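Hi,

Here is the structure for you to look over. My notes follow below it.

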Amino acid sequence: MTENRRGFGLGASMALTLASALLWGVAHLAAERLKTGLALMFGYVVMLAGILTMVTAYSAHLLSLAVQPRWLVGLTVVLVVVALAWTGVIVWSFLLVRPPSADTVGRFLTTTLTAALCALVLAPTVYAARLTYLSRDVVNTVFAPAASTPVMAQDPWHGARRVNFLLLGGDAAPSRPGVRTDSMTVASVDIETGATVLFGLPRNLQRIEFPDGPARARFPFGFTGSGPETPGLLNEVYQFAEDNPDMVPGVPKGKRGSTLLKQTIGSILGIDVDYYALVDMKGFAEIIDAMGGVKVTIKEPIVYGKYREGLLPAGTRRLSGEEALWYGRSRTDSDDYVRMGRQKCLLNAVAKQAEPMTVLNSFERLAIATKRAISTDLPQEVLPAVVDLSQKVKDAKVRSLSFVPPLINTAYPDWSLIRRKVADALEERPSAGHPARTPSLDSPVNLDATCA
């Protein structure tokens, strides 16, 4: 029986329906359904306690859960169940306390209020379900599928003190077939503290020594490319490996370039490169636009455009995706090495400014841009650990060491010197209150000193 026994008027009916949406069971108590009302109140309190516990006790791990497809599916199911239960309670409460059938206006107004309350509950749930679907789609599209055996309880870094990520900026163009990795940076991150050293390698590094294997056998005296138009620069290795399967036998197309470049750069620096991420430069601009731009400090005016049609004035300003792309790419009135420094500033700014609310507000645009712009070999099972590590990086010291003249002669690189400088940089572990030594051309540079 759903008709009320006490003849609630319009005001009481609306008030009790609204109160029941905020605290389950109020309308049932008013309708003298004591046991049901108390049971609903108890369930409501338990649900709120569970939500508060998740938000407070596990807040540090919520972002990690957001990159695990299984958790995302589970979260979606829970959200839908809670929303349906909530709307069910609202409708049930309305049926108990609605005005008599003779009160047509009262029935209409309370029905309208009930529908509005249900919409308020369901709309955020639909939005949240949409976000979880998009997040799951991005994870499954960009990252390699998780292993069948869960590894979350294990150490994803296998006891290592540092993890090394190769960050590549790919610049493809219709007039130039293939991909040239014009931006190459290894981010070496201290797993415990998040302290990071960025090692920048110029695109025009020559006479590259490949690690032992088929590539080294083919170019025993250093990489020389395939002809006058490809003189054997470091930024050609990726595409050369893609075009020549014998360089990395057994590796499928689409992974040859990243495999050989990881091995090669690891050999140059004297460290193991664990993972790589290749960002298409045009896609990178889309990501920045989705973030609402990125704020950087420009020390000297930067001219950009094929015909010098653009200018980024000096000063602190928020750049659009296109402007940020030119900030990182322009060589007009400068050179590759100045550009490398700006690219590191840009990476640092994006990492520091990618706040959770910014990501949430533009999540759909970011998801679409990310799927188009990024390729990586990071497996899904490592993503939670990477997310946790990224939070440490945002609050930690970031230093940079670029292997450019006069430290390194790019035509005749001193490989031993490069490896020695890398080892020295990784041994420095500045702590709070004990900053790194004053930077110089041949020592790690604190990005805070060069990038505001």
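Contact here means heavy atoms within 4.5 Å. Keep in mind that this is a predicted model.

**Thr264**

Start with Thr264, which sits in helix 9 (residues 256-269). Leaving aside neighbours within four places in sequence, Thr264 is in contact with Ile208, Glu209, Phe210, Pro211 and Val237. Its relative accessibility is 0%, so Thr264 counts as buried.

**The nonpolar cores**

The largest nonpolar core has 39 residues. Phe199, Leu201, Leu234, Ile268, Leu269 and Phe403 touch the most other members. Several elements each supply at least two residues of this core:

- strand 1 (162-170), strand 2 (181-190), strand 3 (196-201) and strand 4 (275-280)
- helix 8 (237-243), helix 9 and helix 16 (415-427)

Helix 16 gives the largest share of this core, with six residues.

Another core lies apart from it. That one has 23 residues, among them Val189, Leu383, Ala385 and Val393.

Back in the largest core, what does Ile268 touch? Not counting residues up to four places away in sequence, the list is Leu201, Leu205, Ile208, Leu234, Trp415, Ile418 and Arg419.

**The annotated transmembrane regions**

The unreviewed UniProt entry carries the annotation "transmembrane region" for residues 12-31, 38-59, 71-96 and 108-129. I have geometry for two of these spans.

- Residues 12-31: 80% helix and 0% strand, with the end C-alpha atoms 11 Å apart.
- Residues 108-129: 100% helix and 0% strand, with the end C-alpha atoms 31 Å apart.

**Ser93 and Met54**

Ser93 lies in helix 5 (residues 69-97). Is Ser93 buried or exposed? It counts as buried, because its relative accessibility is 0%. Again leaving out residues up to four places away in sequence, Ser93 touches Ser20, Ala27 and His28.

Met54 belongs to helix 3 (residues 34-57). Why does Met54 count as partly exposed? Because its relative accessibility is 36%, and partly exposed covers the range between the buried limit of 20% and the exposed limit of 50%. Met54 also helps to make a nonpolar surface patch, together with Leu48, Ile51 and Val55. The patch covers about 310 Å².

That is the set of findings. Send questions my way.

Best wishes

Definitions and conventions: Residues numbered from 1 in each chain as written. Predicted model: local features only at pLDDT ≥ 70, side-chain atom pairs only at ≥ 80, totals over all residues. Heavy atoms only, no water. Patch = residues over 30% accessible without salt bridge, like charges linked within 9 Å, V, L, I, M, F, W, Y side chains within 5 Å. Areas by Shrake-Rupley, 256 points an atom, 1.4 Å probe, with all protein chains shown as cover. Salt bridge = Lys/Arg side-chain N within 4 Å of Asp/Glu carboxyl O. Helix = DSSP H or I, 4+ residues; strand = E, 2+ residues; numbered from the N terminus. Buried < 20%, exposed > 50% of the residue type's maximum accessible area, 1.4 Å probe, protein only. UniProt positions renumbered as here; feature names shortened; annotations may be inferred. Core = buried A, V, L, I, M, F, W, Y, C linked by side-chain atoms within 4.5 Å.
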